[in-house]
Amino acid sequence: MDFSLTSEQLMFQKMFRDFATKEVAKVAEQADKQEEIPAKLLKRAAGQGFMGALAPEPYGGAGLDVTSFLMLLEALAAESLALALVVHVHNSLALRTILNHGTAAAKEALIPEMAAGERIGAFAMTEAGAGSDPTQMRTRAVREGGEYVLNGAKAWVSNGGIAGVFVVFAVTVGAGLDSSPDAAQSTKPNPPLRMSAFAIPADAPGLVVGGREKTLGLRGASITRLYLQECRVPAENLLGAEGAGYPIALEALDFGRVGISAAAVGLARRAVELAVKYSGERVQFGKPIGAKQAIQVYLADCATEVAAAEGLVRHAAWLAEQGKPFTQEAAMAKLFAGRMAATVTNKIVQVHGGAGYVTEYPIERFYRDARALEFVEGASQIQQIVIAGKLFEGSSVKVRP
Ligand SMILES: Cc1cc2nc3c(=O)[nH]c(=O)nc-3n(C[C@H](O)[C@H](O)[C@H](O)COP(=O)(O)OP(=O)(O)OC[C@H]3O[C@@H](n4cnc5c(N)ncnc54)[C@H](O)[C@@H]3O)c2cc1C
């Protein structure tokens with residue numbers, strides 16, 4: 001494995017970090033307080049090509065390699081995890097899924113506008129009753145001639161309020177599945193899981209975006225509910241084959257887990273930098289607190305955890321770039337990096353003392369934001385099940401959630 005960066009990747013890294021320090025840092029606090037990312041910043045990010053990061057050049061995208069894209073998320077998350085989440089969900093989950101599985105017509109209609117940032121993407125899989133367990137999905141899609149008609153409600157849709165297109169997962173009603181309106185109330189698992197994926201433009205009839213979730217952190221991100229009420233979508237907006245939605249979701253989530261892990265690394269590394277700065281300036285007992293060995297040891301442990309998470313991210317990215325399987329490595333990176341970001345920011349609040357608990361310093365925002373990373377793209381316990389599943393592959397032990 002060669003993890004060294006090429007000169008082009010180093011150039012990108014510098015460009016991403018410059019953008020984050022010059023453009024993102026100054027509005028990150030405001031985005032958190034006002035519960036939205038300023039439209040001007042989104043426009044500037046789009047102007048830099050960030051919304052087309054994973055779109056190939058013929059579609060007007062930047063066609064970044066995986067490592068460069070992850071460095072973009074790392075750089076943005078170092079100032080605003082909310083902005084990193086917007087760029088991540090748009091690229092890793094929405095754009096990439098449409099690119100990999102959309103019909104030629106859907107790609108032509110959607111990708112150029114997505115790459116230009118004129119149409120932000122969202123990914124709607126979770127429901128109130130179907131979080132870790134997708135077999136409880138109640139959203140239904142029924143084919144009627146050249147269209148599908150969707151009914152259901154989605155929860156936790158990142159980018160919901162700013163999206164121009166939603167990748168939506170629904171159970172395609174077919175043999176053995178209850179298509180009655182009562183099915184939405186049933187708690188029976190769907191036998192077998194016949195999930196399909198659809199690209200649905202925000203102006204599709206019957207698509208209604210709900211209110212913003214009031215969250216502990218990530219307040220700048222627009223996380224909403226989504227309602228599909230007799231929502232009609234042309235059959236050409238089906239992604240992949242009918243019934244192939246589950247593998248499509250897993251493929252997106254594998255990649256998404258690496259993206260979230262990279263964001264965790266960027267956020268936690270910045271938190272350590274903030275602590276080094278603060279502990280060099282804060283004087284108690286006649287010396288900067290950073291001169292105390294206890295603080296040094298604390299920060300040394302934090303920096304080591306960040307570096308370990310980065311290693312897992314790079315390994316998963318390397319496998320992805322080689323076209324090798326990386327499901328287990330993505331789950332490992334996500335498990336470790338999600339927890340690491342939560343524990344590191346917790347420790348760094350401690351290094352700041354009371355100053356870590358007031359909004360005057362950014363660390364309280366980092367601490368609130370980081371906590372989400374153990375849920376987004378699957379909770380830590382689900383990552384452990386994925387990892388154990390790979391460990392026991394071929395054995396008589398069946399790993400089940
Ligand atoms: C900030 C944020 C943004 C999000 N954005 C999106 C998005 O854009 N699109 C989307 O579709 N979803 C999104 N989600 C939803 C996210 O994917 C879910 O929160 C996650 O999958 C967990 O589901 P849940 O919250 O329903 O928890 P539950 O599934 O109810 O789990 C609750 C707890 O039980 C544990 N648990 C569940 N099953 C098992 C088991 N078998 N063994 C052991 N422990 C178990 C879980 O690990 C967790 O700790 C987002 C979530 C957050 C917090």
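Into which domains is the protein chain divided? There are three assignments to keep in mind: domain 1 covers 7–115, domain 2 covers 121–242, and domain 3 covers 247–391. Before going on, note that this is a predicted model.

I'll start with the overall picture. The protein chain carries 10 helices and 10 strands. Its radius of gyration is 21 Å, and the globule rule gives 21 Å for 401 residues, so the protein chain is as compact as a globular protein of that length. If you want box dimensions, the C-alpha trace spans about 75 × 50 × 40 Å along its principal axes. Of the 401 residues, 49% are buried. As for the contacts, take those between residues at least 6 apart in sequence: 75% of them join residues at least 24 apart.

Next, domain 1 against domain 2. The C-alpha centres of these two domains are 24 Å apart. Domain 1 puts 25 residues into the contact, and domain 2 puts in 19 residues. On the domain 1 side, the elements giving two or more residues are α1 (7–34), α4 (81–101) and α5 (104–115). Which of them gives the largest share of that side? That is α4, with 13 residues. By class, the domain 1 side of this contact has 16 nonpolar, 6 polar and 3 charged residues.

Now the ligand. How many residues surround the ligand? The count is 20, and the closest are G131, S132, S158, A379 and Q381. Three elements give two or more residues each to this shell, namely β1 (120–124), β3 (147–158) and α10 (380–391). The most comes from β3, which supplies 3 residues.

For anyone thinking about the chemistry of that shell, the class breakdown is 14 nonpolar and 6 polar residues, with no charged residues. On the domain 1 side of the contact with domain 2, by comparison, the charged count is 3.

Where does the ligand lie with respect to the domains? Domain 2 (121–242) and domain 3 (247–391) both give residues to the shell, so the ligand lies between them.

To recap, the protein chain is divided into three stretches, 7–115, 121–242 and 247–391. Domain 1 meets domain 2 through a side to which α4 gives the largest share. The ligand lies between domain 2 and domain 3, because both of them give residues to its shell. That shell has no charged residues.

How values were computed. Residues are numbered from 1 along each chain as its sequence is written. This is a predicted model: local features need pLDDT of at least 70, side-chain atom pairs count only at pLDDT 80 or more; totals for chains, interfaces and linings use all residues. Helices (H or I, at least four residues) and strands (E, at least two) are DSSP runs, numbered from the N terminus. The radius of gyration is taken over C-alpha atoms; the globule rule is 2.2 Å times the number of residues to the power 0.38. A residue is buried if 20 or more other C-beta atoms lie within 10 Å of its own, exposed if 12 or fewer, and partly exposed in between; C-beta atoms are placed from the backbone. Two residues are in contact if their C-beta atoms, placed from the backbone, lie within 7 Å. A residue is near a molecule or strand if its C-beta atom, placed from the backbone, lies within 6 Å of it. Ala, Val, Leu, Ile, Met, Phe, Trp, Tyr, Cys and Pro count as nonpolar, Asp, Glu, Lys and Arg as charged, and the others, Gly among them, as polar. Domain bounds come from an automatic or database domain assignment.
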